[in-house]
Amino acid sequence: MLLFFILGLLVHFVFFGSIFDIYFTSPLVHGMTPQFTPLPPPAKRLVLFVADGLRADTLYEFDENGNPRAPFIRNIIMREGSWGISHTRVPTESRPGHVALIAGFYEDVSAVAKGWKENPVGFDSLVNESKYTWSWGSPDILTMFAKGVGGDHIYTYSYDAESEDFGAHDVTKLDTWVFDNVKEFFHAARNNQSLFSKVNEEKIVFFLHLLGIDTNGHAHRPTSREYKDNVKVVDDGIKEIVSMLEHFYGNDGKTAFIFTSDHGMTDWGFHGAGHPSETLTPFVSWGAGIKYPQKVSAQKFDDAFLKEWKLENWKRQDIHQADVAPLMASLIGVPFPLNSVGILPIDYLNNTDLFKAESMFTNAMQILEQFKVKMTQKKEATLPFFFTPFKFQVIQDFVLSLLTFPPSQLVGYLFVFTLGIEVLVLSFFYRYVLTAGLIAFACWPFITQLWTRAKSISLSWIFFSLLLAVFPLMPVVGRKPDIFLVMGAGLLVLLLSLCVVTSLIRRKDRFINEELLLHLFQMLSIVLSMCVVYTTHDSLLKKQGLPHFNQIISWITLASSFVLPLLSPTSLFERLFSILLSSMSAYLLLSTGYEALFPLVLSCLMFVWIQVEQETLQQLSVSYKQKVTSLQFTYNPDITQFRQIYLDDVRRAFFLVFFLVTAFFGTGNIASVNSFDLASVYCFLTVFSPFMMGALMMWKILIPFVLVMCAFEAVQLTTQLPSKSLFLMVLIISDIMALHFFFLVKDYGSWLDIGTSISQYVIVMSMTIVLVFLNGLAHLLTTKKLELCGKPKSHLI
């Protein structure tokens with residue numbers, strides 16, 4: 001059994017780690033043969049301007065006075081070059097944006113968990129393939145393409161990282177610094193023969209990274225005067241640089257210019273996700289090898305941008321961001337970046353059909369080379385009998401095995417099982433799906449014999465199922481503290497306690513003093529918790545801090561909640577009731593509003609669930625059946641009395657998983673930090689301590705899980721099914737859910753989307769592992785008993 005347990009854990013850990021090997025191992029391969037067009041290129045040199053954080057609409061639109069915001073660029077569009085929108089991909093961040101532009105592929109997924117400022121994996125780029133590259137701008141960007149590059153052909157000039165200050169008075173200096181240094185560079189080149197020779201070579205690149213717009217956008221928002229004025233600064237600076245270069249090279253017509261952006265920005269100064277304001281960036285190209293402006297009467301785009309920008313008569317040619325790299329490589333005749341996935345936008349090229357055809361062929365061969373190398377590497381690293389085509393003989397056998405069941409029964413079972421699994425999966429995305437599931441649970445007695453045989457139990461099941469169904473509809477983020485709901489939850493627990501204690505006194509011929517004393521002490525703990533919550537809330541409102549006495553009582557109550565249940569009798573009903581009281585005394589201290597009612601309602605439904613499962617045994621003609629009130633958690637029936645597994649046991653396992661997921665998302669979203677409220681721990685401490693606060697909130701999260709698992713212990717006892725059998729069914733259901741999330745893991749999109757998909761898979765996979773721990777904890781809480789004052793142990797049968 002121990003070996004089986006360890007083996008199961010190892011398998012789940014392997015599955016857990018598999019997503020990082022499959023999705024988040026670098027897809028980049030090396031060893032490809034460089035591919036380049038054999039025909040002479042149209043340009044000797046390329047100048048790349050990247051205005052970091054510039055939105056397409058901000059560049060192309062007119063200002064409030066009806067004048068072009070960037071008059072030089074607009075003049076290029078109308079008289080010298082081609083234009084369009086460069087569609088970026090998420091994550092819309094600076095590193096992946098520049099990698100896409102210069103290397104031709106989108107963010108390497110393995111880079112998500114690595115450093116931002118450096119390229120975490122080696123890759124080829126236009127810079128690598130050039131004869132010489134000079135670049136000016138931010139140290140964060142320039143070092144990405146210079147690190148690890150052999151030879152002495154890449155030169156970077158950057159300002160200090162401290163200059164990137166959001167609070168600086170004028171951050172346009174980041175751009176003027178670049179323009180000024182480029183001017184000084186070419187001035188120096190006139191007096192330096194070695195440098196002069198290099199800048200007159202072919203296949204050279206000048207890269208100007210302009211960070212001011214992005215910095216102003218973060219600091220002042222893209223709708224601000226600072227952001228828009230910075231666009232004018234960039235436009236003026238580009239005009240000066242272009243004029244200087246044309247003069248330096250004697251207007252030889254061998255310079256190609258590209259102006260674009262790595263990403264845009266939302267109105268609130270954010271980027272990283274997929275909003276159009278983040279993914280739509282400007283793209284303007286002119287000079288050697290670029291088509292001249294084309295006037296048209298109609299365009300293929302149906303958006304409103306053309307009319308807003310007054311460019312409806314000038315042909316717009318949109319591209320994908322990764323397509324820029326092969327375009328630049330084609331213009332200056334260097335090999336296409338080896339890792340590029342971009343497709344050459346031939347509509348931008350002003351050249352012969354032969355040159356275009358050769359360039360397209362080279363582009364295709366370059367992409368094919370990656371596939372060939374990847375295939376070879378995969379084959380070499382895989383055992384031969386694994387590296388075979390998938391056999392369809394597998395699906396056929398599975399279908400034939402399913403057809404052995406009666407058709408109507410097979411369809412019905414598959415439909416219900418599939419629907420149940422999908423509801424659990426959807427609940428991770430939409431909490432209200434749990435409400436629909438609980439409503440379906442409420443209707444369950446009507447389709448069984450339970451309604452006709454046990455109406456009172458059925459009514460209780462319906463009532464508490466519907467009551468619990470309310471919680472997933474309640475708000476998670478932004479809810480306001482309501483101390484009166486916490487007080488109300490405490491009063492309901494006290495009222496329930498009085499009813500239970502009265503019932504126990506009446507039912508038992510001899511109610512042991514120690515048992516009565518324990519229940520009264522637990523009720524006193526509830527009262528103290530209510531008083532502590534109320535007085536702490538009042539004290540904090542008056543800004544008098546956390547009372548020291550309240551803090552002491554809170555910690556004592558929390559510590560005692562672990563021990564008090566172990567002092568109660570091991571009879572099923574009394575032990576579960578004691579666990580509920582101790583849990584509620586701690587949970588009240590950690591509550592700020594309606595969530596204080598959640599474990600109470602959940603526990604009531606769990607008590608009813610135990611009764612329901614006891615009743616359903618009669619439908620299966622199970623001969624051995626005891627009353628719930630007479631069952632003991634320490635009772636160990638003969639193994640011969642254990643019955644075989646029925647289809648109803650699959651439903652019981654599904655109920656457990658559903659209730660665990662409900663405990664998971666009933667009052668919040670454990671996967672989201674936004675679901676946590678620091679006010680929950682103010683009865684214990686108010687000084688910021690992330691580890692201690694995190695531990696307290698984790699205990700709050702754990703309490704509903706413990707209540708469900710303790711109830712499941714009772715269900716196993718009442719149904720006389722070995723815990724191993726039921727537990728394995730639960731693991732199978734959890735693993736099927738995990739398989740869903742395995743295929744839902746994303747290695748594309750914003751880093752938030754990628755992180756969320758990973759966390760969901762991790763949570764579901766962890767559920768199967770945590771269930772082992774929870775099962776052990778529930779077993780400890782329900783079966784073990786502590787004796788005070790050296791009193792000998794005794795168990796009532």
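Trainee: Is Ser158 buried, partly exposed or exposed?

Mentor: This is a predicted model, and every value below is computed from it. Ser158 counts as partly exposed, because its relative accessibility is 35%, and partly exposed is the class between under 20% and over 50%. The residue belongs to strand 4, which covers residues 154-158.

Trainee: Which residues does Ser158 touch, leaving out those up to four places away in sequence?

Mentor: Ser158 touches Gly137, Ser138, Pro139, Leu142 and Trp177. A separate distance links Ser158 with His209: the two are 51 residues apart in sequence, and their C-alpha atoms are 9.5 Å apart in space.

Trainee: What share of the residues in the protein chain is buried?

Mentor: Of the 797 residues in the protein chain, 51% are buried. The secondary structure comes to 28 helices and eight strands. Among contacts with a separation of 6 or more, 77% are between residues 24 or more positions apart.

Trainee: Where does Arg55 lie, and is Arg55 buried or exposed?

Mentor: Arg55 is in the loop between strand 1 (45-51) and helix 2 (56-60). Its relative accessibility is 9%, so Arg55 counts as buried.

Trainee: Which residues are in contact with Arg55, leaving aside neighbours within four places in sequence?

Mentor: The list is Pro222, Tyr227, Gly264, Met265, Thr266, Asp267, Ser277, Leu280 and Pro282. Take Thr266 from that list. Along the chain, Arg55 and Thr266 are 211 residues apart, while their C-alpha atoms are separated by 8.8 Å.

Trainee: Now the helices. What describes two packed helices?

Mentor: The angle between their axes and the distance between the axes describe them. Take helix 17 (residues 432-443) and helix 25 (residues 647-665): they pack at an angle of about 140 degrees, and their axes are 11 Å apart. That angle makes helix 17 oblique to helix 25. The crossing is left-handed.

Trainee: Which residues of helix 17 and helix 25 make the contact?

Mentor: Helix 17 supplies Leu434, Gly437, Leu438 and Phe441. Helix 25 supplies Phe654, Phe655, Phe658, Phe659, Val661, Thr662 and Phe665. Sorted by class, the contact has nine nonpolar, two polar and no charged residues.

Trainee: At what angle do the axes of helix 17 and helix 19 cross?

Mentor: They cross at roughly 175 degrees, and the axes come within 8 Å. Angles over 145 count as roughly antiparallel. Helix 17 and helix 19 (residues 455-468) are therefore roughly antiparallel to each other.

Trainee: Which residues meet in the contact of helix 17 with helix 19?

Mentor: From helix 17 come Leu438, Ile439, Phe441 and Ala442, and from helix 19 come Trp461, Ile462, Ser465, Leu466 and Leu468. The classes are eight nonpolar, one polar and no charged. Leu438 and Phe441 of helix 17 also appear in the contact with helix 25.

Trainee: How many charged residues are in the contact of helix 3 with helix 10?

Mentor: Start with the geometry. The axes of helix 3 (residues 71-79) and helix 10 come within 7 Å and cross at roughly 60 degrees, which makes helix 3 oblique to helix 10. Pro71, Phe72 and Ile73 in helix 3 meet Lys232, Asp235, Ile238, Lys239 and Val242 in helix 10. That contact has three charged residues, along with five nonpolar and no polar.

Trainee: Next, the backbone. Which residues does a cis peptide bond join?

Mentor: A cis peptide bond joins Val90 and Pro91, with omega at about 5 degrees. Pro91 is in the loop between strand 2 (82-87) and helix 4 (94-103).

Trainee: What is phi of Lys203, and what is phi of Arg221?

Mentor: Phi of Lys203 is near 60 degrees, a positive value in a residue other than glycine. Lys203 lies in the loop between helix 8 (193-199) and strand 5 (204-210), and is partly exposed at 28% relative accessible area. Arg221 is not a glycine either, and its phi is positive at about 80 degrees. The loop holding Arg221 runs between helix 9 (212-220) and helix 10 (225-248). At 35% relative accessibility, Arg221 counts as partly exposed.

Trainee: How many disulfides are there?

Mentor: A disulfide is a covalent bond between the sulfur atoms of two cysteines. With a cut-off of 2.5 Å between the sulfur atoms, the count is zero. As for individual cysteines, Cys499 is partly exposed with a relative accessible area of 48%, and Cys531 is partly exposed at 42%.

Technical notes. Residues are numbered from 1 along each chain as its sequence is written. This is a predicted model: local features need pLDDT of at least 70, side-chain atom pairs count only at pLDDT 80 or more; totals for chains, interfaces and linings use all residues. Side-chain values use heavy atoms; hydrogens and water are left out. Axes are lines fitted to C-alpha atoms, for helices over the stretch in contact, and angles run from 0 to 180 degrees between N-to-C directions. Helices (H or I, at least four residues) and strands (E, at least two) are DSSP runs, numbered from the N terminus. Angles under 35 degrees count as roughly parallel, over 145 as roughly antiparallel, 65 to 115 as roughly perpendicular and the rest as oblique. A crossing is left-handed if the near helix is turned anticlockwise from the far one by less than a right angle, and right-handed if clockwise. Contact means heavy atoms within 4.5 Å. Ala, Val, Leu, Ile, Met, Phe, Trp, Tyr, Cys and Pro count as nonpolar, Asp, Glu, Lys and Arg as charged, and the others, Gly among them, as polar. Buried means under 20% relative accessible area, exposed over 50%, partly exposed in between (1.4 Å probe, protein chains only).
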